[in-house]
Amino acid sequence: MISKAFAVFNKDFHSELRTRYAINSLAMFVIVAISVIMFAVGQEKISEGLTGGLFWVVIFFTAMSGLARTFVSEEERGTSLTLQLVASPSAVFSGKLLFNIILVFCMNTVIALLYAALFESFVIKNYSLFFFSFVLGNIGLAISSTIIAAIISKAGAKGTLYPVLSFPILLPLILTSVQLTLFSLDGTSIEDAKFELAIVVSYDVIMLTVSYMLFDFIWKD
Amino acid sequence: MSTYSVEAIKINKTFGRRLVFNDINFRLDNPGIFGISGPNGSGKSTLVKIIAGLLSSTKGKITHKNSEKEIIPEKLHNHIGFVSPYLVLYEEFSAWENLNYLSKIRGITFDKDYAKELLERFLLYNRRNDLVKTYSSGMKQRIKFIFALIHHPELLIFDEPTSNLDDEGRELVYNIINDKSKENILIIASNDKSDLDLCTEVLDLKVSNKDF
Amino acid sequence: MIWKIILFLLISFVSIAGIAFPIVKNPQAWYEFPNIPGLEENAKIIFFHVPTAWLTLIAFLMSTVFSFKYLKNKNMDDDAKAYAAAQLGMVFCILATVTGAVWAKFAWGAFWSWDPRQTSIFALLLIYGALFALRSSIESEEKRATLSSVYSMIAFVTVPFFIFIMPRIMKGLHPGSADDTGAGPIVNFQMNSSMLFIFVLSLIGFTILYYWMWQVSYKSVIYRDKLNKNLIRG
């Protein structure tokens with residue numbers, strides 16, 4: 001099962017290296033979104049609270065621009081039938097999820113580094129809390145975006161539909177993650193942020209379970 | 001001699017409120033060629049997809065057995081070779097890469113010698129490293145057969161096997177069908193007279209007008 | 001028919017009683033409501049605002065239950081039921097948001113202040129909106145039914161998170177919430193028996209009204225669908 005999921009990931013990875021569709025659009029989107037924010041901010045000095053929020057604004061919209069690719073490309077090219085013939089639904093979902101998790105990690109690391117370099121008020125005081133919330137938040141983001149991507153790929157992949165469907169599902173995660181980012185910026189200890197971390201962990205676990213349970217219905221059309 | 005068997009009991013499929021077919025029953029347990037025919041819209045492709053486990057039926061049950069042991073749906077795809085006009089291989093990869101990646105996703109080791117043999121048989125060996133997007137539609141149709149046979153499946157399902165093929169291609173496909181039918185169960189869904197002439201038994205589907 | 005008359009009388013009584021009964025310091029007569037500090041006359045919205053919010057949740061729950069049933073049995077009637085419940089849920093959700101916002105203007109001084117309950121109902125509004133956007137973008141009815149069922153079940157599991165997170169992130173102003181110091185939990189002990197009685201009657205009346213509307217609505221969805229396919233003659 002794990003080796004098959006990895007084989008699906010491997011195929012997607014090599015396909016991505018050839019076409020470079022998701023990587024290119026994600027990279028350009030990060031640059032565009034951050035420069036728009038820089039222009040809007042101008043010479044203004046923005047507060048810690050605002051940078052934490054803006055950090056997740058960029059993450060959300062960047063994710064929405066690129067994470068649907070894994071499923072939409074299969075559906076557009078008509079290769080989802082081929083994939084159905086060689087792998088079980090759970091293997092397909094695991095492979096695609098792995099691909100998106102790695103994509104989200106690369107993308108968010110770049111965004112975090114750019115923020116640290118470009119915004120004066122984005123100074124992390126509690127690194128370990130930031131690291132934990134970053135990892136957990138990324139996993140949750142990848143899980144929800146992957147299952148919603150599967151839905152919109154079958155719905156004919158209307159471009160604007162993806163953020164519309166994802167936002168309410170991601171809202172609890174984003175609200176909590178913004179809070180956690182604020183905590184790590186103002187140096188709250190992990191002890192005090194335990195409740196928020198628990199929320200993100202349970203969000204990840206619940207969404208993962210629900211996604212595996214419902215993916216069969218989406219995948220078999 | 002394989003001991004594979006497929007049994008369909010009271011298969012019923014509806015799309016929304018439209019009934020596609022109702023009460024389909026059959027049992028296949030000996031090697032041979034079985035045909036499914038019927039006019040456009042009678043549900044040939046839907047039926048073969050249900051047999052292959054790609055679609056679920058609304059009512060009824062399909063049971064696949066290998067040596068008297070029932071195959072669970074999660075593993076079914078490894079026992080089936082499927083060719084259909086809707087099947088598309090990855091165009092950004094070459095034929096060889098396609099076969100390699102797809103075998104790995106199946107969880108089987110890529111049998112290079114058998115792949116070479118099949119590619120030679122379908123006259124594609126010289127083009128094996130070219131990207132699939134550069135292939136003609138006849139070549140794309142032939143590579144689908146290699147994809148369907150590479151994992152030695154017990155049950156072969158060919159939906160319109162000779163579409164897009166010239167006479168030479170047809171000859172190749174008919175040879176393969178005759179070869180494989182000695183040991184395996186073959187199901188052919190087609191309207192082509194010469195395809196159906198190969199079959200020992202033909203299930204004729206009618207367009208249903210019943211809705212509910 | 002008899003049910004419709006009873007429903008009409010019930011809703012009429014609740015509307016008149018809820019608006020007309022006076023609020024006094026020390027209620028003596030059966031038709032007098034107590035004065036709740038911090039709410040005063042504004043308290044009367046409870047008879048109309050709370051039932052709409054309650055029905056929003058009931059409709060959401062029913063829509064999820066019928067979505068689950070659809071995925072299990074693939075019966076288009078279940079999809080029609082889920083769809084009708086979601087439509088009504090959307091209507092009541094808008095009503096609850098608007099009545100809440102109007103009340104908030106007088107009680108808190110602003111139409112919108114991102115109180116936990118306001119944020120939660122906003123999230124529900126987003127979920128309903130997304131569900132209809134998804135439905136209208138799919139041509140094939142079977143696909144539409146399956147995908148919207150899956151989506152509403154995914155949305156359903158995210159709802160409990162709001163209940164846990166909201167109070168931590170933002171301060172509650174809403175009567176009955178933990179941070180509310182002014183009015184306190186009114187439903188528990190500050191209402192007298194007559195107010196509680198009208199409140200419960202209003203909940204019952206609106207719930208029956210919802211059930212009736214839902215039945216009419218899902219049947220009309222099914223009939224429209226069948227008429228379009230010429231399965232029955234109009």
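**The contact between chains C and B**

Select chains C and B of this predicted model and display the contact between them, which takes seven residues from chain C and five residues from chain B. On the side of chain C that touches chain B, colour by residue type: two residues are nonpolar, none is polar and five are charged.

**The parallel sheet of chain B**

Turn next to chain B alone and select β6, β7, β8, β3 and β9. These five strands form an open sheet in the order β6-β7-β8-β3-β9, and the pairing is parallel. At its edges are β6 and β9 (201-204) of chain B, each of which pairs on one side only. Stepping across the sheet, the viewer will find a twist that averages 15° from one strand to the next.

Now restrict the selection to residues 155-159 of chain B, which make up strand β7. Is this strand enclosed or not by the rest of the structure? Five of the five residues of β7(B) are buried, so the strand is largely enclosed. Show the side chains here: L155(B), I157(B) and D159(B) point one way, L156(B) and F158(B) point the other way, and all are buried.

Add strand β6 (residues 80-83) of chain B, which runs parallel to β7(B) and is joined to it by four bridges. Two pairs can be picked out between these strands: I80(B) has L155(B) as its bridge partner, and G81(B) stands opposite L156(B). Then add strand β8 (residues 185-189) of chain B, also parallel to β7(B) and joined to it by five bridges. Here F158(B) stands opposite I188(B).

Finally, bring in helix α1(B). This helix lies across β3 (32-37), β7 and β8 of chain B, and runs at about 155° to β8(B).

**The antiparallel sheet of chain B**

Keep chain B and select β2, β1, β4 and β5. These four strands form an open sheet in the order β2-β1-β4-β5, with antiparallel pairing. Why do β2 (18-28) and β5 (69-70) of chain B each have one side without a neighbour in the sheet? Both stand at the edges with a single partner strand, so one side of each is left without a neighbour.

Within this sheet, select strand β1 (residues 4-15) and strand β4 (residues 59-66) of chain B, which pair in the antiparallel sense over seven bridges. One pair to label is Y4(B) with its bridge partner N66(B) in β4(B). Helix α1 (residues 44-51) of chain B packs on this sheet as well, touching β1, β2 and β4 of chain B. The direction of the helix makes about 130° with that of β1(B).

**Chain C and the surroundings of T56(C)**

Select chain C as a whole. Its secondary structure comes to seven helices and two strands, arranged along the sequence as α-β-β-α-α-α-α-α-α. Of the 234 residues of chain C, 34% count as buried. Among contacts between residues at least 6 apart in sequence, 69% join residues at least 24 apart.

Centre the view on T56(C), which lies in helix α2 (residues 46-73) of chain C. Is T56(C) buried or exposed? With 25 other C-beta atoms within 10 Å, T56(C) is buried; the threshold is 20 or more. Leaving out residues up to four places away in sequence, T56(C) touches G89(C), F92(C), C93(C), A96(C) and L124(C). For a longer span, draw a line from T56(C) to M195(C): these residues are 139 apart in sequence and 23 Å apart in space, C-alpha to C-alpha.

**The contact between chains A and C**

Show chain A beside chain C. Their contact takes 26 residues from chain A and 25 residues from chain C. On the side of chain A, the elements giving two or more residues are α7 (127-154), α8 (161-186) and α9 (194-219). Helix α8(A) gives the most, with eleven residues. This side of chain A divides into 20 nonpolar, three polar and three charged residues.

Colouring chain A by confidence gives a mean pLDDT of 90, with 99% of residues at 70 or more. Among its elements, α7(A) has the highest mean pLDDT (94) and helix α4 (residues 69-77) the lowest (88).

**The largest nonpolar core**

As a last stop, select I151(A), I146(B) and I157(B), the residues with the most contacts inside the largest nonpolar core, which has 166 residues. Helix α3 (residues 76-107) of chain C supplies the largest share of this core, twelve residues. Around I151(A), neighbours within four places in sequence aside, the contacts are L165(A), I218(A), L147(C), V150(C) and Y151(C).

Terms used: Residues numbered from 1 in each chain as written. Chains lettered and ligands numbered in written order. Predicted model: local features only at pLDDT ≥ 70, side-chain atom pairs only at ≥ 80, totals over all residues. Buried ≥ 20, exposed ≤ 12 C-beta atoms within 10 Å, placed from the backbone. Contact = placed C-beta atoms within 7 Å. Nonpolar A, V, L, I, M, F, W, Y, C, P; charged D, E, K, R; others polar. Core = buried A, V, L, I, M, F, W, Y, C linked by C-beta atoms within 7 Å. pLDDT = per-residue confidence, 0-100. Pairing = 2+ DSSP bridges. Axes fitted to C-alpha atoms, helices over the stretch in contact; angles between N-to-C directions.
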